[in-house]
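Colleague: I am new to reading models of this kind, so please take me through this one step by step, and explain each term when it comes up.

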Amino acid sequence: MGITRDEVRTVAALARLELTSDQEESLTGDLDQILDAFRKLQTLDTGTAEPMRPFDLDAAPLREDRVENLPADDAHLEQAPDRHGRLFHVPKIIE
Amino acid sequence: MTPELADLSIREAGARMRRGEVTALALLEAALARTGERDDELGAVLTRADEAALTAATGLDARLAAGDDPGPLAGIPIALKDNICTRDLRTTAGSKILESFVPAYDATVVERLRAAGAIVVSKLNCDEFAMGSSTENSAFGPTRNPWDTARVPGGSSGGSAVAVATGMCAAALGTDTGGSIRLPASFCGVVGMKPSYGRVSRYGVIAYASSLDQVGPVARSVDDAALLLGVIAGHDRRDSTSSPRPVPDLRTALLGDVTGLRIGLPKEYFAEAMQPEVERAVRAAIADLERAGATVVSVSLPHTEYAISTYYLIATAEASSNLARYDGVRYGRRAPHPQNLSEMYCASRGAGFGAEVKRRIMLGTYALSAGYYDAYYLKAQQARTLIAGDFRAAFERCDVLAAPVAPTTAFRLGERLDDPITMYLTDVLTISVNLAGIPALSVPCGFDDAGLPIGLQLIGRPFDESTLLRVGAAHEHASEWHTRRPPA
């Protein structure tokens with residue numbers, strides 16, 4: 001079963017990616033080829049193997065829940081593509 | 001021949017500085033001059049930090065003159081892959097979407113380098129968001145291999161390997177998610193190490209695949225790599241995946257020999273369609289280690305054939321999530337005049353990401369989407385457990401594994417660019433190490449008939465970087481491959 005162009009459009013919408021018609025076409029071919037090459041994994045008997053877990057659980061000890069990073073200062077605001085005073089400016093969210 | 005200042009090892013440069021024979025400023029100027037001479041042709045550097053570096057070097061010389069000890073990397077010019085955040089210094093990750101991003105803070109590894117006296121000289125080219133095996137996927141153009149400029153340097157840390165090989169810096173940092181330090185180190189004839197997952201903090205490192213990414217050194221000798229790793233390794237409370245395990249004295253580890261050490265040869269790593277000179281050089285290096293007292297055993301990593309698909313499903317799934325943050329709101333590019341939020345996201349990302357990044361985001365989103373999750377992502381995570389189990393079983397019979405880094409030497413620019421599967425297969429011998437979270441080292445071990453470098457890969461037990469470095473140092477004692485520099 002190959003991947004279709006409609007599926008590529010659906011996945012692109014999920015990924016919030018605008019694609020040109022040419023990109024849709026080449027990605028349909030690429031993903032089809034890649035997933036086909038990866039099909040062999042489906043034949044692997046993974047039996048009762050658990051999905052891989054983080055390597056060193058001791059590495060994530062609990063710590064006190066305290067704010068340490070400061071709220072956005074000017075250095076962060078300077079990275080905003082568009083700002084309004086001390087706020088990040090975005091297009092209208094609620095229609 | 002006496003090496004020029006730009007080609008000195010860190011140890012030698014440091015010794016000369018302490019004897020007052022050379023200044024940090026002179027070392028820096030040599031690195032900057034070399035960058036000026038070579039980089040137009042090679043494309044390794046994305047952003048130079050000349051002014052800040054000159055100020056830092058002058059300050060360092062003053063401290064040295066006053067009798068201060070600024071640290072183990074005092075006055076050493078170091079360059080960084082451009083996915084490592086540097087305060088007030090542009091950090092692009094090789095992507096158009098971050099073309100003008102200037103971080104407000106240093107990554108922990110950068111803080112540690114600076115605290116050890118290092119001078120940050122430049123930010124280095126890489127595949128966009130570290131996604132690639134050739135450094136051809138950078139939005140700012142490809143990096144070229146200094147041994148043959150028609151060929152790729154390997155990727156994704158291609159700029160790091162090229163800058164180190166040509167003396168644009170004394171050493172560099174790269175990141176390795178599926179081989180991105182080891183492959184370029186091998187293709188460019190330098191030393192590169194991927195530390196154990198958790199050994200080095202990733203705070204301030206632009207994420208690609210968080211269960212696989214690791215920062216590591218690229219250097220001109222094992223000794224220099226050990227020094228650099230010693231500086232950047234260790235727990236960081238700002239990265240919850242960094243390990244609290246203590247870091248041993250890695251340079252002392254180099255002093256031991258390899259008598260009685262058991263080297264495992266994974267038979268699957270010699271079975272691929274391999275360039276004959278690669279196999280010959282790697283087997284010769286292993287024979288040298290045997291003569292130095294090591295014993296060789298054959299081992300098997302039976303799930304190797306599933307590693308590429310397992311990696312590309314897991315890594316792209318994680319990437320699709322990690323790269324969701326580039327949405328045109330907080331930093332990076334925003335598409336002009338969006339009518340609404342959704343259009344802003346889609347158009348900004350569509351215009352800002354390159355072809356390979358889009359391909360991987362699409363693959364990862366697909367693998368995580370409803371109806372496919374069990375068949376792809378979950379299956380890959382189970383396969384990953386089996387792949388990690390292969391290594392555990394192998395290490396019951398040996399202390400390190402030895403293999404090539406890649407089945408071939410550097411390929412030509414453009415040769416694999418239109419064929420993603422062939423490009424992905426470049427990583428076939430490096431990728432399992434990341435899936436298993438274990439450390440691996442690439443050291444130069446010869447040249448092919450066309451004069452291109454070949455890398456020996458040494459793979460170790462979790463957190464046993466010391467043994468890898470010791471074996472790497474023993475290999476260097478038995479050969480002189482690491483002293484060869486590319487033609488000017």
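Colleague: In what order do the elements of chain A run from the N terminus on?
Modeller: Helices (H or I, at least four residues) and strands (E, at least two) are DSSP runs that are numbered from the N terminus. Chain A holds 3 helices and 2 strands, and from the N terminus on they follow the order α-α-α-β-β.

Colleague: Before we go further, what pLDDT does chain B average?
Modeller: This is a predicted model, in which local features need pLDDT of at least 70 and side-chain atom pairs count only at pLDDT 80 or more, while totals for chains, interfaces and linings use all residues. Residues are numbered from 1 along each chain as its sequence is written, and chains are lettered from A and ligands numbered from 1 in the order in which they are written. pLDDT is the predictor's confidence in each residue, from 0 to 100, and the complex as a whole is given an ipTM of 0.92 and a pTM of 0.97. In chain B, 99% of the residues score at least 70, and the average pLDDT is 96.

Colleague: Where the two chains meet, which helix gives the most to the side of chain B that touches chain A?
Modeller: Two residues are in contact if their C-beta atoms, placed from the backbone, lie within 7 Å, and by this rule 55 residues of chain B are in contact with 42 residues of chain A. On the chain B side, α10 (307-322), α11 (341-352), α12 (355-368), α13 (374-394) and α14 (420-425) each supply at least two residues. With 11 residues, the helix that gives the most is α13(B).

Colleague: Is Thr86(B) buried or exposed?
Modeller: A residue is buried if 20 or more other C-beta atoms lie within 10 Å of its own, exposed if 12 or fewer, and partly exposed in between, with C-beta atoms placed from the backbone. Thr86(B) lies in the loop between β2 (77-81) and α4 (108-115) of chain B, and its contacts beyond four places in sequence include Leu80(B), Val110(B) and Lys123(B). Because Thr86(B) has 22 C-beta neighbours inside 10 Å, it counts as buried.

Colleague: How many of the residues of helix α5 of chain B are buried?
Modeller: The helix covers residues 158-165, and among its buried residues are Gly158(B), Ser160(B) and Val164(B). Helix α5 of chain B is largely enclosed by the rest of the structure, because the number of its residues that are buried is 8 of the 8.

Colleague: Which strands stand at the edges of the open sheet of chain B?
Modeller: Two strands pair if DSSP finds at least two bridges between them, and the open sheet has 11 strands with mixed pairing, in the order β1-β3-β2-β4-β6-β5-β10-β11-β9-β7-β8. The strands at the edges have a single partner strand each, so one side of each is left without a neighbour in the sheet, and they are β1 (45-48) and β8 of chain B.

Colleague: Which residue of β9(B) is the bridge partner of Ile263(B)?
Modeller: In strand β7 (residues 262-266) of chain B, 4 of the 5 residues are buried. This strand is joined in parallel to β8 (residues 295-299) by 5 bridges, where Ile263(B) has Val296(B) as its partner. β7(B) also pairs in the parallel sense with β9 (residues 400-404) over 2 bridges, and there the partner of Ile263(B) is Val400(B).

Colleague: How are α9(B) and α16(B) placed relative to each other?
Modeller: Axes are lines fitted to C-alpha atoms, for helices over the stretch in contact, and angles run from 0 to 180 degrees between N-to-C directions. Angles under 35 degrees count as roughly parallel, over 145 as roughly antiparallel, 65 to 115 as roughly perpendicular and the rest as oblique. Helix α9 (residues 276-291) and helix α16 (residues 465-478) of chain B pack at an angle of about 95°, with their axes 10 Å apart. α9(B) and α16(B) are therefore roughly perpendicular.

Colleague: And how are α7(B) and α16(B) placed relative to each other?
Modeller: The axes of helix α7 (residues 222-232) of chain B and α16(B) come within 9 Å and cross at roughly 160°. Among the residues that meet are Val222(B) and Leu229(B) in α7(B), and Leu469(B) and Glu476(B) in α16(B). The two helices are therefore roughly antiparallel.
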